[in-house]
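User: I have a structure open and would like to see how its descriptive labels are earned. Could you take me through the reasoning?

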Amino acid sequence: MEKEALFTSVATRERGVTLKSPREIESMRQAGKVVAQTIAALVEAIRPGMKTADLDDIAVQEIQRLGAKPSFKGYMGFPRTICVSVNDEIVHGIPGDKVILDGDLVSLDVGAVVEGFHGDSAVTVGVGNVSPAVTELIDVTREALERGIAAATHGARLGDIGWAVQSFVEERGYSVVREYVGHGIGRALHEEPQVPNFGAPGSGALLRKGMVIAIEPMVNIGGWQTRALDDNWTVVTADGSLSAHFENTLLITEGDAEVLTRV
Ligand code: MG
Ligand code: MG
């Protein structure tokens with residue numbers, strides 16, 4: 001059963017769990033690098049007074065300059081290159097005329113394709129003079145991702161990642177979003193398995209070396225419940241509380257995972 005599952009996973013099924021070959025991993029390293037560099041450019045550029053569309057323009061140029069293609073544009077009809085989610089927006093904010101204000105909490109989610117393989121990463125930044133609550137939410141969410149990455153090793157289970165994230169976040173008095181989760185990634189932006197930010201240790205599918213997954217905790221100051229706006233993309237917290245989002249794409253190995261979306 002295990003063997004059969006492994007065998008089918010190696011097959012080139014677009015939507016299944018796939019183990020990546022060394023050559024594919026090399027492409028994914030390059031895609032990850034493009035994503036990391038694009039995020040660095042955005043973080044460097046972001047200022048109060050900019051429109052969220054200005055950030056999208058920067059990402060368009062940067063991804064093109066680096067010889068890659070954006071993952072999100074056109075994905076299920078998504079109209080822009082990156083997602084920019086402000087304050088109570090959790091994920092999937094569409095760049096547009098919204099002006100970023102001093103003190104805002106801004107999540108930037110970027111995907112890029114190189115040689116047919118995707119990289120996917122997100123960061124949240126406080127813009128200008130931010131409140132201590134914003135700074136703490138960012139720190140907790142960033143650390144939650146690190147806890148998840150530390151749990152992601154060959155032989156561990158998906159629930160170990162979820163538990164590492166959830167237990168840390170809830171101890172700090174925050175909540176993790178349930179309706180949106182991390183994912184396998186490769187030739188498709190979203191592959192099996194789903195990678196929840198919650199769960200019980202020792203539960204769920206086994207992680208194997210050669211798998212590439214994106215871990216992406218979304219952490220709210222208030223409750224975990226979400227709702228989608230009328231644009232059918234933007235996801236906000238149901239209670240209007242602030243939300244932060246960090247994400248990395250990583251390769252499972254027998255030791256520490258190799259984070260592909262770091263410069
Ligand atoms: Mg992402
Ligand atoms: Mg993702």
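Analyst: Happy to; we will go through the metal site and then a helix pair, bearing in mind that this is a predicted model.

User: What makes Asp 109, Asp 120 and Glu 247 donors of the magnesium ion (ligand 1)?

Analyst: A donor is an N, O or S atom within 2.8 Å of the metal. The magnesium ion (ligand 1) is coordinated by Asp 109 (OD), Asp 109 (OD), Asp 120 (OD) and Glu 247 (OE) at 2.0 to 2.7 Å, so these oxygens meet the cut-off. Along the chain the donors follow the spacing D-x10-D-x126-E. Asp 120 is in strand S5 (residues 117-126), while Glu 247 is in the loop between strand S13 (243-245) and strand S14 (248-251), and this pair links parts of the chain 127 residues apart.

User: Which residues are the protein donors of the magnesium ion (ligand 2)?

Analyst: They are Asp 120 (OD), His 183 (NE2), Glu 216 (OE) and Glu 247 (OE), at 2.1 to 2.2 Å. Their sequence spacing reads D-x62-H-x32-E-x30-E. Since His 183 belongs to strand S7 (residues 182-184) and Glu 216 to the loop between S9 and S10, the two tie together parts 33 residues apart in sequence. Asp 120 bridges the magnesium ion (ligand 2) and the magnesium ion (ligand 1), with 3.2 Å between the ions.

User: Why is Glu 216 called buried?

Analyst: Buried means under 20% relative accessible area. Glu 216 has 7%, so the label applies. His 183, at 5%, counts as buried too. Asp 120 and Glu 247 are also buried.

User: What does Glu 216 touch?

Analyst: Leaving aside residues up to four places away in sequence, Glu 216 touches Asp 109, Asp 120, Val 181, Gly 182, His 183, Asn 197, His 245, Phe 246 and Glu 247.

User: Now the helices. Why are H4 and H5 called roughly antiparallel?

Analyst: Helix H4 (residues 132-151) and helix H5 (residues 158-171) pack at an angle of about 150°, with axes 8 Å apart. Angles over 145 degrees count as roughly antiparallel, and H4 and H5 therefore earn that description. Their crossing is right-handed.

User: Which residues of H4 and H5 meet, and how do they divide into nonpolar, polar and charged?

Analyst: From H4 come Val 140, Glu 143, Ala 144, Arg 147, Gly 148 and Ala 151, which meet Asp 160, Ile 161, Ala 164, Val 165, Phe 168 and Val 169 of H5. The contact has eight nonpolar, one polar and three charged residues. Gly counts as polar, so Gly 148 is the polar residue here.

Note on methods. Residues numbered from 1 in each chain as written. Chains lettered and ligands numbered in written order. Predicted model: local features only at pLDDT ≥ 70, side-chain atom pairs only at ≥ 80, totals over all residues. Heavy atoms only, no water. Helix = DSSP H or I, 4+ residues; strand = E, 2+ residues; numbered from the N terminus. Buried < 20%, exposed > 50% of the residue type's maximum accessible area, 1.4 Å probe, protein only. Axes fitted to C-alpha atoms, helices over the stretch in contact; angles between N-to-C directions. Parallel < 35°, antiparallel > 145°, perpendicular 65-115°, else oblique. Left-handed = near helix turned anticlockwise from the far one by under 90°. Contact = heavy atoms within 4.5 Å.
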